[in-house]
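Here are my notes for your first read of this model. Keep the structure open beside them and check each point as you go.

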Amino acid sequence: MGKVVMYSSVSVDGFIADEHDQPGPLFEWLSSGDVPLDSSGALKVSQTSYDYTRPYWDHIGVTIVGRHVFDMTDGWDGKPPGGIDHVVVVTHRPAPEGWDAEAPFHFVDGVEAAVATAQELAGDRLVEVAAGDVGGQVLAAGLVDEVRMDVVPVVFGSGKRYFGSVDAQHLLEDPDVVIQGNRVLHLRYRVHR
């Protein structure tokens, strides 16, 4: 069964977006280099960031997001982002009216069911959980194996927290990856069990 990884770009003070759901400069590192990260040519990173990010992206089988992210992105027009095979959406509501039932999106009620569905779909590939409220709920349920952060040198002061509304302590191991790219610090922590 694939590992469950919580992931996002994040400000130094722990926010994945401002209070208006805007990421500000959090994704500028994805266009600050000269090495294409994907076939679109829109994403260009430093060689260091490419060497870290591309293998990770290649191992993701399923991404779990909340309904808020799904709605904000208009469900990526029914095509999972970044070449991912499936998206599991945690929601108490059904798929939007007129949604293509053949699109590889799965609407699931609750984080435990979402992780189980994602792991079944991913097989031995990674299950990525978007940071924020849903990611924090998955962490609180003890279902996250690893936390990855792309820390960007900006302070938001307020906004959407990386770990959502988690209010209990969760220990992480010492970072086993610390890599400096252009305008980003890539960190990886295993969750202490």
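1. Start with a yardstick. The expected span of a helix is 1.5 Å times one less than its number of residues. Now apply that to helix 3, in what is a predicted model. Helix 3 covers residues 111-122, 12 residues in total. From first C-alpha to last it reaches 16 Å, close to the 16 Å expected.

2. Which residues of helix 3 are buried? They are Val111, Ala114, Val115, Ala118, Gln119 and Ala122. These residues sit on the same side of helix 3, because their arc around the axis is only 125 degrees. The general rule helps here. An α-helix has 3.6 residues a turn, so residues three or four places apart point the same way.

3. Look at the other face too. Turned away from the buried side of helix 3 are Glu112 and Glu120, both exposed. Just past the end of helix 3 comes Gly123, with a positive phi of about 65 degrees.

4. What do the buried residues of helix 3 pack against? Their partners are strand 1 (4-11), strand 5 (60-66), strand 6 (86-90), strand 7 (105-108), strand 8 (126-130) and helix 4 (133-140).

5. Next, the sheet. It is open, has 8 strands and mixed pairing, and its order is 7-6-5-8-1-9-12-11. Strand 7 and strand 11 (177-181) are at the edges. Each has a single partner strand, so one side of each lacks a neighbour in the sheet. From one strand to the next, the twist averages 20 degrees.

6. Check the pairing at one edge. Strand 6 and strand 7 run parallel and are joined by 4 bridges. Within this pair, Val87 has Phe105 of strand 7 as its bridge partner.

7. Two helices deserve a look against the sheet. Helix 4 touches strand 1, strand 5, strand 6 and strand 8, and its direction makes about 125 degrees with that of strand 8. Helix 1 (residues 47-59) lies across several strands, including strand 1, strand 9 (146-152) and strand 12 (184-190). Helix 1 runs at about 45 degrees to strand 12.

8. Strand 1 is a good teaching case. In a regular strand the side chains alternate between the two faces of the sheet. Val4, Met6, Ser8 and Val10 point one way from strand 1, while Val5, Tyr7, Ser9 and Ser11 point the other way. Are these residues buried or exposed? All are buried. That makes 8 of 8 for strand 1.

9. Strand 1 also has two parallel partners to trace. With strand 8 it pairs over 4 bridges, and Val4 stands opposite Val127. With strand 9, strand 1 has 7 bridges. There, Tyr7 has Arg148 as its bridge partner.

10. Now one residue inside strand 5: Thr63. Thr63 counts as buried because its relative accessibility is 7%, and the cut-off for buried is under 20%. Its side chain makes a polar contact of 3.1 Å with the side chain of Glu128. Setting aside neighbours within four places in sequence, Thr63 also contacts Ile84, His86, Val87 and Val88.

11. Finish with Leu143, in the loop between helix 4 and strand 9. Its relative accessible area is 27%, so Leu143 is partly exposed. Beyond its neighbours within four places in sequence, its contacts include Val111, Glu112 and Val115, and also Val4, Val138 and Arg193. Leu143 and Ala118 are 25 residues apart in sequence and 12 Å apart in space, C-alpha to C-alpha.

Notes
Residues numbered from 1 in each chain as written. Predicted model: local features only at pLDDT ≥ 70, side-chain atom pairs only at ≥ 80, totals over all residues. Heavy atoms only, no water. Buried < 20%, exposed > 50% of the residue type's maximum accessible area, 1.4 Å probe, protein only. Arc of directions from axis to C-beta. Contact = heavy atoms within 4.5 Å. Pairing = 2+ DSSP bridges. Axes fitted to C-alpha atoms, helices over the stretch in contact; angles between N-to-C directions. Polar contact = N/O pair within 3.5 Å; in protein donor to acceptor, adjacent residues only side chain to side chain.
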